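Me: I have a structure open and would like to learn how to read it. Could you walk me through a few features?

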Amino acid sequence: MSNTPMAANPLTRAVLEIDEYVSGLGWDQPARLFALVDTARLRADEPSLADRLGLGEESESSGLTPIEQDEVPTGKPLDEFLATIAWPDAVAGCALAVERLMLPPSAEAQVPQGLSEAELTKWVAEHPDRQEVRMTVAVLRDGTRESALRLREKDSPTEVLTGSDLVPGLAEALSATFEE
């Protein structure tokens with residue numbers, strides 16, 4: 001992707017590439033799941049697919065190529081869906097891009113007790129300090145993880161926050177898809 005900033009490692013580059021791709025689709029998108037495959041292995045094992053993806057010989061050989069998977073079902077909770085996934089050996093990692101509402105830490109003390117999940121969701125959606133955020137989280141089989149967060153109100157490639165522990169719960173759920 002032409003506007004993806006260069007990052008120090010292949011996983012960070014893959015996360016930023018996915019963030020840029022999903023950003024180009026606009027907001028209010030469903031969750032999107034990606035397999036991450038080793039680019040050099042993909043080029044060697046599946047040359048015609050690599051050609052269709054534009055991964056010529058001049059492409060970086062130590063990178064990861066994100067391959068979007070079938071649509072994530074909207075009628076099933078995300079954690080239940082992720083529990084059904086198993087990846088073939090050729091998949092080095094996976095990533096998920098999902099939009100959520102987020103509250104600042106200062107709002108935690110205001111959360112009414114005893115709300116059902118639906119009531120809590122409604123309360124957060126109506127809270128004046130809520131922020132819409134897109135989280136792109138990726139993990140490798142070895143447990144390495146990376147995340148990118150983009151706020152809707154600061155929707156710019158230069159305003160994307162990256163870090164390995166930004167969304168630990170989602171990273172753990174993605175890592176579990178590689179457990180046997």
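Reply: Happy to help; we will go through a core, a pocket and a few single residues. Keep in mind that this is a predicted model.

Me: Let's begin inside. How many residues does the largest nonpolar core have, and which have the most contacts inside it?

Reply: The general idea comes first. In soluble globular proteins, nonpolar side chains tend to be buried together. In this model the largest nonpolar core has 26 residues. Those with the most contacts inside the core are Leu33, Leu78, Trp87, Leu96, Leu170 and Leu174. At least two residues of this core come from each of strand S1 (32-38), helix H4 (78-82), S3, S4 and helix H6 (168-175). S4 gives the largest share, four residues. There is also a second, separate core of 15 residues, with Ala14, Ala138, Leu140 and Ala148 among them.

Me: What is Trp87 in contact with, leaving aside its neighbours within four places in sequence?

Reply: Trp87 is in contact with Leu33, Phe34 and Ala35, and also with Gln69, Cys94, Arg141, Thr177 and Phe178, once those sequence neighbours are left aside.

Me: Now pockets. Which residues line the second largest pocket?

Reply: Again, the idea first. Rolling a probe the size of a water molecule over the atoms shows where empty space is left. Here the second largest pocket has a volume of about 360 Å³. Its lining consists of Pro77, Arg100, Leu101, Glu117, Leu120, Thr121 and Val124. Strand S3 (93-102) and helix H5 (117-126) are the elements that give two or more residues to that lining. H5 supplies the largest share, four residues. Sorted by class, the lining has four nonpolar, one polar and two charged residues.

Me: Just after H5 I would like to look at His127. Is His127 buried or exposed?

Reply: His127 sits in the loop between H5 and strand S4 (131-140). Buried means under 20% relative accessible area, and His127 has 6% relative accessibility, so this residue counts as buried. The His127 side chain makes a polar contact of 2.7 Å with the side chain of Gln110. Not counting residues up to four places away in sequence, His127 touches Leu103, Ala107 and Gln110.

Me: And a charged residue such as Arg150: where is its place, and is Arg150 buried or exposed?

Reply: Arg150 lies in strand S5 (residues 145-151). With 2% relative accessibility, Arg150 counts as buried. Its side chain makes polar contacts with two side chains: Asp19 at 2.5 Å and Asp155 at 2.7 Å. Leaving aside neighbours within four places in sequence, the residues in contact with Arg150 include Ser23, Trp27, Glu132, Val133, Arg134 and Val160.

Me: What about the other end of the scale: is Asp28 buried or exposed?

Reply: Exposed means over 50%, and Asp28 has a relative accessible area of 56%, so Asp28 is exposed. Asp28 is in the loop between helix H1 (10-24) and S1. Its backbone deserves a look too: phi of Asp28 is near 65°, a positive value in a residue other than glycine.

Me: One last thing. How many residues apart in sequence are Pro10 and Thr65?

Reply: They are 55 residues apart in sequence, and 9.2 Å apart in space, C-alpha to C-alpha. Pro10 itself is found in helix H1. With a relative accessible area of 25%, Pro10 is partly exposed.

Terms used: Residues numbered from 1 in each chain as written. Predicted model: local features only at pLDDT ≥ 70, side-chain atom pairs only at ≥ 80, totals over all residues. Heavy atoms only, no water. 1 Å grid on protein atoms, 1.4 Å probe; cavity = no way out; pocket = protein on both sides within 12 Å on 5 of 7 lines; lining within 4 Å. Points joined across faces, edges and corners; volume = space filled by probe spheres on them. Nonpolar A, V, L, I, M, F, W, Y, C, P; charged D, E, K, R; others polar. Buried < 20%, exposed > 50% of the residue type's maximum accessible area, 1.4 Å probe, protein only. Polar contact = N/O pair within 3.5 Å; in protein donor to acceptor, adjacent residues only side chain to side chain. Contact = heavy atoms within 4.5 Å. Core = buried A, V, L, I, M, F, W, Y, C linked by side-chain atoms within 4.5 Å.
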